[in-house]
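Trainee: Could we go through this model together, one question at a time, with the reasoning set out before each answer?

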Amino acid sequence: MHPPYGGGVHRFLLTPRWWGINVFVALAVPVCLFMGTWQLGRFEDRVDTHREATAERPAAEAAAPLESLLPVDKKTSGRLASASGEYAEQLLVPGRLLEGRRGFYVLTLLRTDSGKAVPVVRGWLPGTADAARAPAAPTGRVEVTGALQASEDSTTKGVHAEGGLPAGQLGVIGAASLVNLVPYELYDAWLTVQTPADGLTPVPAQAPSNTGLDLKAFQNLGYTGEWFVFAAFVLFMWFRLYRREVETLRDAEAGLLPKEPAAAAPASATAGGTASATAGDTASAAPDATVSARPAE
């Protein structure tokens, strides 16, 4: 039976069952709020980095030495970097889209004064990759200025990561894909020239990966809503259980709950009692019958 409800004291909240419910709610709600806030923070970080990555660079921004901007991060990606040296091997990067058209990049390795090389995308040409169409790189010592870009990988949008390309072509622009093609060290970055010559179209700088409002960003926003809904659901269920308990106790005090039916006597006991009563009646009637049967003197 429920403990009495009176005087505004909810004694049932101190029962072991309700202690378990209250402890669960006290732990679940803060956890849900923390996880929702964390997911919201992740979404806001992606929004901020997207704004930084897509913000226009000042037109008069001076180029900085390449090594001073490495390693490439969200702040240095897209910055103008300068490097001096001599052009070396030239490769083509096929299957690259520019303004909705498919074409290929003309990439030339620049061996800098430090001895390391940096890939330089000198421009873009429409159509199928053809070495005969790609203009040769300038000879001699050159000063190159271009927008700094992080190395690509197999997850970068638009890359050809399956392999099987002809000799002289490259699917992914990065030190990892070039290390077996050239005999010298490479910077883990590349440059895209913004003022190309020889009829090449400049390749605009791209925002670094994981900085845009992509599917992952909106997943974070969706998870934020889910965790807050979980917290509200836990509180709603606790309040519903509380209301039901209070109403049950009030009904019990008012005598509105149906009374429990009396337990029926066991069948064996009933049968035994009936048999005993029958035997007793028979025994009590037997003397009378004897007296009646005796003849009168």
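Trainee: How many aromatic pairs does the count come to?

Mentor: This is a predicted model, in which local features need pLDDT (the predictor's confidence in each residue, from 0 to 100) of at least 70 and side-chain atom pairs count only at pLDDT 80 or more, while totals for chains, interfaces and linings use all residues. Residues are numbered from 1 along each chain as its sequence is written, and side-chain values use heavy atoms, with hydrogens and water left out. Rings of Phe, Tyr and Trp (its six-membered ring) pair if their centres lie within 6.5 Å, and planes under 30 degrees apart count as stacked, over 60 as edge-to-face and the rest as tilted. By this rule the number of aromatic pairs is 7.

Trainee: What kind of aromatic pair do Phe12 and Tyr242 form, stacked or tilted?

Mentor: Phe12 and Tyr242 have ring centres 6.0 Å apart and planes at 35 degrees, which is the geometry of a tilted pair. Phe12 belongs to the segment before helix 1 (16-54) and Tyr242 to helix 3, 230 residues apart, where helices (H or I, at least four residues) and strands (E, at least two) are DSSP runs, numbered from the N terminus. The pair that links these distant parts of the chain is therefore classed, by the rule for ring planes, as tilted.

Trainee: Which residue makes a stacked pair with Tyr242?

Mentor: Tyr242 is buried, with a relative accessible area of 17%, given that buried means under 20% relative accessible area, exposed over 50% and partly exposed in between (1.4 Å probe, protein chains only). Its stacking partner lies 4 residues away in helix 3, about one helical turn, with ring centres 5.5 Å apart and planes at 5 degrees. That partner, partly exposed at a relative accessible area of 26%, is Trp238.

Trainee: How far apart are the end C-alpha atoms of helix 3?

Mentor: Helix 3 covers residues 215-253, which makes 39 residues. The expected span is 1.5 Å times one less than the number of residues, so helix 3 should span 57 Å. The model agrees with this expectation, since the end C-alpha atoms are apart by 57 Å.

Trainee: Which residue of helix 3 meets Arg17 in a salt bridge?

Mentor: A salt bridge is a side-chain nitrogen of Lys or Arg within 4 Å of a carboxyl oxygen of Asp or Glu, and a search of the whole structure finds 5. One of them has an N to O distance of 2.9 Å and links Arg17 in helix 1 to a residue of helix 3, 228 residues apart. Arg17 is partly exposed at 48% relative accessibility, whereas its partner, buried at 10%, is Glu245.

Trainee: Are Asp113 and Arg141, which also meet in a salt bridge, buried or exposed?

Mentor: Their side chains meet at 2.7 Å, N to O, with Asp113 in the loop between strand 3 (101-112) and strand 4 (117-126) and Arg141 in strand 5, 28 residues apart. By contrast, in the salt bridge between Arg96 and Glu152, Arg96 is buried at 5% and Glu152 is buried at 13%. Asp113 and Arg141 are both exposed.

Trainee: How many contacts beyond four places in sequence does the model have for residues 282-297?

Mentor: The protein averages a pLDDT of 82, and 78% of the residues score at least 70, but over residues 282-297 pLDDT stays under 50. Where pLDDT is low, the predicted coordinates should not be read in detail. With contact meaning heavy atoms within 4.5 Å, the number for residues 282-297 beyond four places in sequence is 0.
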